Amino acid sequence: MQVIHEGSERGGPDRPDLGGPEPGPAFGRLFDAHAAQLRRYLARRVGAEPANDLVAETFLVALRRRETYRPELGTARSWLYGIATNLLRHHVRSELRGLQATARLARTGEVSHANHDGRVAEQVDAQVRAAQLAGALARLNPADRDTLLLVSWAGLEPGEVAEALGIPPGTVRSRLHRIRRWLRTNAPAQEEVQDLA
């Protein structure tokens with residue numbers, strides 16, 4: 001791949017030149033193109049409020065470290081998800097505590113029960129399945145959880161996950177295969193596993 005060094009877009013909109021003296025316009029385009037999807041992914045991981053903070057922090061870190069972005073190594077999207085994933089790791093303790101608490105609810109049967117109609121029963125069933133799936137996610141190691149959720153919740157392709165995490169694409173594919181196999185045997189609700197993996 002030949003990288004074009006003229007203008008503000010070296011390799012097009014997916015691989016912009018962020019090293020110029022005036023990075024504002026390029027970062028404005030990056031924000032417009034990726035902030036909403038990045039926020040949705042992060043909100044699924046840590047909730048809406050922390051996601052807003054993490055998106056802002058992701059773009060702030062990206063702006064401060066713009067010299068480290070190498071278009072020839074990956075897209076700006078995967079670079080941003082890599083930054084966000086690193087920031088997210090600081091929030092993992094809270095995420096794990098939440099997943100473990102939800103899993104404890106499923107084990108102890110402390111889900112809110114009501115007996116007035118079928119919708120409530122369906123909601124309780126969904127809560128129990130979510131709790132069981134949360135327990136399975138909590139048992140994954142952080143690298144596997146990041147890999148799985150970048151694919152399933154952020155919608156990144158395995159190659160983009162590799163760029164975001166700084167690992168070979170073969171490692172991503174291998175992890176995904178192993179994680180899916182593990183989830184099929186350790187997460188009781190098959191349809192949720194299919195949706196996730």
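Helices are runs of at least four residues assigned by DSSP, and they are numbered from the N terminus. In this predicted model, helix α2 covers residues 48-64, and Thr 58 has its place there.

Thr 58 makes a good starting point for a look inside. With a relative accessible area of 0%, Thr 58 is buried, because a residue counts as buried when that value is under 20%. Leaving aside residues up to four places away in sequence, Thr 58 touches Leu 38, Leu 80, Ile 83, Ala 84 and Leu 87. Next along the chain comes Phe 59, which touches Phe 27, Leu 30, Phe 31, Ala 35, Leu 38 and Leu 80, again not counting residues up to four places away in sequence. Leu 38 and Leu 80 therefore appear in both lists of contacts, where contact means heavy atoms within 4.5 Å.

Phe 59 also leads to the wider picture. The largest nonpolar core holds 35 residues, and Phe 59 is one of those with the most contacts inside it, together with Tyr 41, Leu 42, Tyr 81 and Leu 150. Two or more residues of this core come from each of α1 (24-46), α2, α3 (76-89), α6 (142-152), α7 (158-165) and α8 (169-186). Helix α3 gives the largest share, eight residues. Another core lies apart from this one; its eleven residues include Leu 99, Ala 138, Leu 140 and Ile 179. As a general background, nonpolar side chains in soluble globular proteins tend to be buried together.

Empty space is the next topic. The second largest pocket contains about 180 Å³ of space. Its lining is made by Val 61, Arg 65, Trp 79, Gly 82, Ile 83, Asn 86, Leu 87, Arg 89, His 90, Ala 164, Leu 165 and Gly 166. Two helices, α3 and α7, each supply at least two residues of this lining, and α3 has the largest share with six residues. By type, the lining residues divide into six nonpolar, four polar and two charged. Ile 83 and Leu 87, which belong to this lining, are also among the residues that Thr 58 touches.

Helix α7 deserves a closer look of its own. Its buried residues are Glu 160, Val 161, Ala 162, Ala 164 and Leu 165. The cover over these buried residues includes α3, α6 and α8. Ala 164 and Leu 165 also help to line the second largest pocket, as does Gly 166. Gly 166 follows just after α7 and takes a positive phi of about 70°.

Conventions
Residues are numbered from 1 along each chain as its sequence is written. This is a predicted model: local features need pLDDT of at least 70, side-chain atom pairs count only at pLDDT 80 or more; totals for chains, interfaces and linings use all residues. Side-chain values use heavy atoms; hydrogens and water are left out. Buried means under 20% relative accessible area, exposed over 50%, partly exposed in between (1.4 Å probe, protein chains only). A nonpolar core is a set of buried Ala, Val, Leu, Ile, Met, Phe, Trp, Tyr and Cys residues joined through side-chain atoms within 4.5 Å. On a 1 Å grid over the protein atoms alone, a cavity is a set of points where a 1.4 Å probe fits but cannot get out, and a pocket is an open set with protein on both sides within 12 Å along at least five of seven lines; lining residues have an atom within 4 Å of a point. Grid points are joined across faces, edges and corners, and a volume is the space filled by probe spheres set on the points. Ala, Val, Leu, Ile, Met, Phe, Trp, Tyr, Cys and Pro count as nonpolar, Asp, Glu, Lys and Arg as charged, and the others, Gly among them, as polar.
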